Amino acid sequence: MPLAYSIGWNGKMLDGKLQTRWSYTIRTQAKHKYSRFLRLGQKLNLNNLQWYIDYNMTYDDLDRMKIASNELAEMLTTNTEGKIYVGKVRYQVWVTKMNWHFATDWNLMLKGMYETTSLTKSEQFNNYRKALGYAGAVEYYPARKEKQNLHIFLAYTGRKYKYTKQSLMTNYNTSRIELGMMYRMKVL
């Protein structure tokens, strides 16, 4: 029977300048199989600066996100048609993001992420994967006074994936640079 239990707390302190969002959730995945989530988020909300730091921990009896299952499928079985779910998987993620409105109509966005993946009942795959992500963007909002949601941006995004030697997996990196324009129209 699919059931979920959640408890959460949203808080505002110092006239809304410090905000918190914390929660814990447990839900059933299958008979005697559960998924647990812990979320701890903090945000500093000033006039020209917004900055948050979040911690997320997920512990699944069956790998709901399938990151570890997809990466390890070929090593663990010969029949890999996407049907394998590894068990006792823990994901931990720390994310931080800052938006700084350093001048009229200009914004600097910086974001960082650190993630670990672990099969907690396996010596070979315990904390086998670490991922580091980073992004930065300079954004210009030329029509903010007219309440138009148009912005032009230059952004960089990169990720590094590092695996333990015992996992027999290969490290790799990704990166991209974007130059673009975005306009959002209000329909309703």
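Is Asp61 buried or exposed? In this predicted model, Asp61 counts as buried, because its relative accessibility is 5% and the cut-off for burial is under 20%. The residue is a good place to start, since its side chain takes part in a salt bridge with that of Lys88, at 2.9 Å from N to O. This pair links distant parts of the chain, with Asp61 in strand β4 (residues 49–62) and Lys88 in strand β5, 27 residues apart. Lys88 counts as partly exposed, because its relative accessibility is 28%.

The structure holds five salt bridges. Side chains of opposite charge can pair when their charged atoms come close. Two of the bridges can be followed through Arg129. In one, the side chains of Glu71 and Arg129 meet at 3.1 Å, N to O. That contact connects helix α1, where Glu71 lies, with strand β7 (residues 129–140), where Arg129 lies, and the two residues are 58 residues apart. In the other, Glu115 forms a salt bridge with Arg129, and the closest N and O atoms are 2.5 Å apart. Here too the pair links distant parts of the chain, Glu115 being in strand β6 and Arg129 in strand β7, 14 residues apart. Glu115 is buried, with a relative accessible area of 10%. A further network, joined through salt bridges that share partners, is made up of Arg36, Asp61 and Lys88. As for Arg129, a relative accessible area of 5% makes this residue buried.

Helix α1 itself spans residues 67–76, and its residues Ala68, Ser69, Leu72 and Ala73 are buried. These four lie on the same side of α1, because they cover an arc of only 145 degrees around the axis. The exposed residues Asn70 and Glu74 are carried on the face turned away from that buried side. What, then, covers the buried residues of α1? The cover includes strands β5 (87–103) and β6 (106–119).

Aromatic side chains provide another set of contacts, with a count of ten aromatic pairs. One of them joins Tyr55 and Trp94 in a tilted arrangement, at 5.1 Å centre to centre and with 45 degrees between the planes. Tyr55 lies in strand β4 and Trp94 in strand β5, so this pair ties together parts that are 39 residues apart in sequence. Tyr55 counts as buried at 17% relative accessibility, whereas Trp94, at 35%, counts as partly exposed. The pair of Tyr134 and Tyr156 is stacked, because the ring planes stand at 20 degrees, with the centres 6.3 Å apart. This second pair ties together strand β7, which holds Tyr134, and strand β8 (residues 149–163), which holds Tyr156, across 22 residues in sequence. Both partners count as partly exposed, Tyr134 at 28% relative accessibility and Tyr156 at 34%. In addition, Trp100, Phe102, Trp106 and Tyr140 form one aromatic cluster.

The surface also offers something to look at. A nonpolar patch is formed there by Trp9, Met13, Leu14 and Trp22, which together have about 430 Å² of accessible area. Among these residues, Met13 has its place in strand β1 (residues 4–13). Met13 counts as partly exposed, because its relative accessibility is 34%.

Key: Residues numbered from 1 in each chain as written. Predicted model: local features only at pLDDT ≥ 70, side-chain atom pairs only at ≥ 80, totals over all residues. Heavy atoms only, no water. Buried < 20%, exposed > 50% of the residue type's maximum accessible area, 1.4 Å probe, protein only. Arc of directions from axis to C-beta. Contact = heavy atoms within 4.5 Å. Patch = residues over 30% accessible without salt bridge, like charges linked within 9 Å, V, L, I, M, F, W, Y side chains within 5 Å. Areas by Shrake-Rupley, 256 points an atom, 1.4 Å probe, with all protein chains shown as cover. Salt bridge = Lys/Arg side-chain N within 4 Å of Asp/Glu carboxyl O. Phe/Tyr/Trp six-rings, centres within 6.5 Å; stacked < 30°, edge-to-face > 60°.
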